[in-house]
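Biologist: Before we go through this protein together, could you show me the sequence and the structure?

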Amino acid sequence: QNVCKYYQVGDTRFAASDHISFTIEKGEFCVILGPSGAGKTTVLNMLGGMDTCDEGTILLDGECVSSFDSKRLTTYRRYDVGFVFQFYNLVQNLTARENVELASEICKDPLDADTVLAEVGLSDRKNNFPAQLSGGQKQRVAMARALAMDPKVILLDEPTSALDPQMVGEVLSVMRQLAKEGLTMLVVTHEMAFARDVADQVIFMDGGFIVEQGDPKQVIDHPQEERTKQFLARFAENN
Ligand code: ADP
């Protein structure tokens, strides 16, 4: 609710997040769209307890995350949120299975590593090290690691942006399956067709603001705001 994050650059203070308000229901799949520098990662990081907001209130499951002290934020990050990053962030000298187990060790009620690896279609690769896996497989291990923590929400920051085009599909298909299973997820992505198809809600950000939000077919196919129209037109030109 009304979340602001300011940065000081030289003499000027600017808002990377400018009175952002939105609600995600349990089981909802929400996509954040927007150009580079729009403030998407800032929103994800604040929601994930990796960054704090300067104004406003962030609530997860009735708890006020924005008033947590650093100790409480540590347990919040370990127990309540799963994060999937663009560049996987796997431990290189541990196997896929060990990477998942490592995350399980720090959280409260982890799910079984073999079960979550099966869920992302990697039962046969669990003894491989990251260097022996493709980008798409590495990202699926990262997703299994987030799933194993059995978090209240999974936040994914451009999970397919670093992948070769032929590997994007396998990661999108795991996300689609997780959405169907009713996981609560917030994803920053540029995969427009996927967002239109799978999301329950789309938020379009630009310049630290939410410009437009709502039903994906409404926002993507019938945008109301000029800035959304321009972004989508540029996207269509380049794809
Ligand atoms: P997006 O994810 O949409 O590309 P970000 O949330 O990463 O956008 O960044 C929003 C704005 O905040 C950008 O202008 C970025 O340069 C700025 N920004 C992000 N982190 C910092 C920081 N630590 N210090 C100063 N400016 C920052």
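Modeller: Contact here means heavy atoms within 4.5 Å. Please keep in mind that this is a predicted model.

Biologist: Which residues does Thr 95 touch, not counting residues up to four places away in sequence?

Modeller: Thr 95 is found in the loop between β6 (81–84) and α3, and with a relative accessible area of 9% Thr 95 is buried, the cut-off being under 20%. With residues up to four places away in sequence set aside, the residues that Thr 95 touches are Lys 126, Asn 127, Asn 128 and Phe 129.

Biologist: How many Å apart in space, C-alpha to C-alpha, are Thr 95 and Gln 132?

Modeller: In sequence, Thr 95 and Gln 132 are 37 residues apart. In space, the separation of Thr 95 and Gln 132 from C-alpha to C-alpha is 9.4 Å.

Biologist: Which helices do the buried residues of α3 pack against?

Modeller: In helix α3 (residues 96–106), the buried residues are Ala 96, Asn 99, Val 100, Ala 103 and Ser 104. Seen down the axis of α3, these buried residues fall within an arc of 140 degrees, so they line one face of the helix. In general, an α-helix has 3.6 residues a turn, so residues three or four places apart point the same way. The buried residues of α3 pack against α4 (113–119) and α5 (135–148).

Biologist: Is helix α1 largely enclosed by the rest of the structure or largely open?

Modeller: The buried residues in α1 are Lys 40, Thr 42, Val 43, Leu 44, Asn 45, Met 46 and Leu 47. Because seven of the eight residues of helix α1 (residues 40–47) are buried, the helix is, with respect to the rest of the structure, largely enclosed.

Biologist: Which helix gives the largest share of the largest nonpolar core?

Modeller: The largest nonpolar core has 47 residues, and those with the most contacts inside this core are Phe 29 and Met 143. Leaving aside neighbours within four places in sequence, Met 143 is in contact with Val 84, Val 120, Leu 156, Val 171, Val 174, Met 175 and Leu 178. The largest share of this core, eight residues, comes from helix α6 (residues 165–180).

Biologist: What is the area of the nonpolar surface patch made by Tyr 7, Val 9 and Phe 14?

Modeller: Tyr 7 lies in strand β1 (residues 3–9), and with a relative accessible area of 33% Tyr 7 is partly exposed. Together with Val 9 and Phe 14, Tyr 7 makes a nonpolar surface patch of about 270 Å².

Methods
Residues numbered from 1 in each chain as written. Predicted model: local features only at pLDDT ≥ 70, side-chain atom pairs only at ≥ 80, totals over all residues. Heavy atoms only, no water. Buried < 20%, exposed > 50% of the residue type's maximum accessible area, 1.4 Å probe, protein only. Helix = DSSP H or I, 4+ residues; strand = E, 2+ residues; numbered from the N terminus. Core = buried A, V, L, I, M, F, W, Y, C linked by side-chain atoms within 4.5 Å. Patch = residues over 30% accessible without salt bridge, like charges linked within 9 Å, V, L, I, M, F, W, Y side chains within 5 Å. Areas by Shrake-Rupley, 256 points an atom, 1.4 Å probe, with all protein chains shown as cover. Salt bridge = Lys/Arg side-chain N within 4 Å of Asp/Glu carboxyl O. Arc of directions from axis to C-beta.
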